[in-house]
Amino acid sequence: MPVETIKWVGDYNGYVDMIDQTLLPVSYERVAIKDVPAMYDAIKRLVVRGAPAIGIAAGYGAVLGLQKVPDDAEVFEARAQLEKDCVHLAESRPTAVNLSWALNRMLWTAEQSEALTTRELKQRLLREAQAIYDEDAEMCRAMGA
C-alpha cells in the first residue's frame, strides 16, 4: 500500500496530514497541520522535505490561511489574506524554488478568479493545490516507469 508523504483531508475547511520527516528513519509519525503558522514551522524545520513536497505544502498552506476568512466575506478580504499568507510562507525557506513557484501559482490562480465569491475562491484554490499534488504524483509515476 502506498504511503502518502502529504495529503489534504476534507473540504476547503480541512487540514494537511503529513509524515514528520524529522523523525525518520527511527520513528514514523504523521502530523496534522491546521493553520499557516504550523505549516510555516513544518516547512522551516524540514518536517516536510523535498522540493516537490515543499511546493505541495505551500499550496495547501495557502488554502489553510483562507480558513480565517468567513465564506460570506468580501472576496477582496480573502485575496488580501492569501497574499499576506503567501508572503509569510515564502519566508520559511527563502531559497526553496518549489515553495515560491507554488505560492506564485496560488496567487496567479486567485488573480484569474475575478468573478468568484469568497467561498468559490476557497474551493478553487483547494483544487489548484490538489492539482499541484496530482501533477507531482504523475511526474513521479512517469519517472518510475
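1. **Salt bridges, overall.** This predicted model holds seven salt bridges. Three of the pairs are taken up below, followed by a network, the strands, helix α5 and a surface patch.

2. **R30 and D17.** The side chains of R30 and D17 form a salt bridge, at 2.5 Å from N to O. The pair links distant parts of the chain. R30 belongs to strand β3 (residues 30-33), while D17 belongs to strand β2 (residues 15-19). The two residues are 13 apart. Their surroundings are worth stating separately. D17 has a relative accessible area of 11% and is buried. R30 has 28% relative accessibility and is partly exposed.

3. **R45 and D41.** A salt bridge joins R45 to D41, with the closest N and O atoms 2.9 Å apart. How exposed is R45? At 44% relative accessibility, R45 is partly exposed. D41 is partly exposed too, with a value of 34%.

4. **E128 and R124.** This salt bridge has an N to O distance of 2.9 Å. Both residues sit in helix α5 (residues 118-144). They are four residues apart, about one turn of the helix. E128 is buried, with 9% relative accessibility. R124 is partly exposed, with a relative accessible area of 24%. The 20% cut-off for burial explains the labels: E128 is buried because its 9% is under 20%, and R124 is partly exposed because its 24% lies between 20% and 50%.

5. **The network.** E128 and R124 are also part of something wider. Which residues does the network of salt bridges link? R105, R124, E128 and E135 are linked in it.

6. **Strand β2 and its neighbours.** Strand β2 is largely enclosed by the rest of the structure, because four of its five residues are buried. Strand β2 pairs with β1 through four bridges, and the two run antiparallel. Four bridges also join β2 to β3, again in antiparallel fashion. As for individual positions, W8 stands opposite V16 in β2. D17 has A32 as its bridge partner in β3. D17 thus appears twice in this note: it is paired with A32 across the strands, and its side chain meets R30 in a salt bridge. On the wider pattern, side chains in a regular strand alternate between the two faces of the sheet.

7. **The β1-β2 hairpin.** Five residues lie between the strands of this hairpin. What sign does the phi of G10 have, positive or negative? G10 takes a positive phi, near 95 degrees.

8. **Helix α5.** This helix has 27 residues. From first C-alpha to last, α5 reaches 39 Å, close to the 39 Å expected at 1.5 Å a residue. Its buried residues are T118, L121, K122, L125, L126, E128, A129, I132, D136 and A137. What do the buried residues of α5 pack against? They pack against β1, α2 (51-66), α3 (75-90) and α4 (97-111). The buried set includes charged side chains: K122, E128 and D136 are among them. E128 is also the salt-bridge partner of R124.

9. **A nonpolar surface patch.** V3, L24 and Y28 form a nonpolar patch on the surface. Together they have about 300 Å² of accessible area. V3 is placed in the segment before β1 (6-9). V3 is exposed, with a relative accessible area of 55%. That label follows because the value of 55% is over the 50% cut-off for exposed residues.

Technical notes:
Residues are numbered from 1 along each chain as its sequence is written. This is a predicted model: local features need pLDDT of at least 70, side-chain atom pairs count only at pLDDT 80 or more; totals for chains, interfaces and linings use all residues. Side-chain values use heavy atoms; hydrogens and water are left out. Patches are made of residues with over 30% relative accessible area and no salt bridge: like charges are joined within 9 Å, nonpolar side chains (Val, Leu, Ile, Met, Phe, Trp, Tyr) within 5 Å. Accessible areas come from the Shrake-Rupley method with a 1.4 Å probe; for residues, only the protein chains shown count as cover. A salt bridge is a side-chain nitrogen of Lys or Arg within 4 Å of a carboxyl oxygen of Asp or Glu. Buried means under 20% relative accessible area, exposed over 50%, partly exposed in between (1.4 Å probe, protein chains only). Two strands pair if DSSP finds at least two bridges between them. The expected span of a helix is 1.5 Å times one less than its number of residues. Contact means heavy atoms within 4.5 Å.
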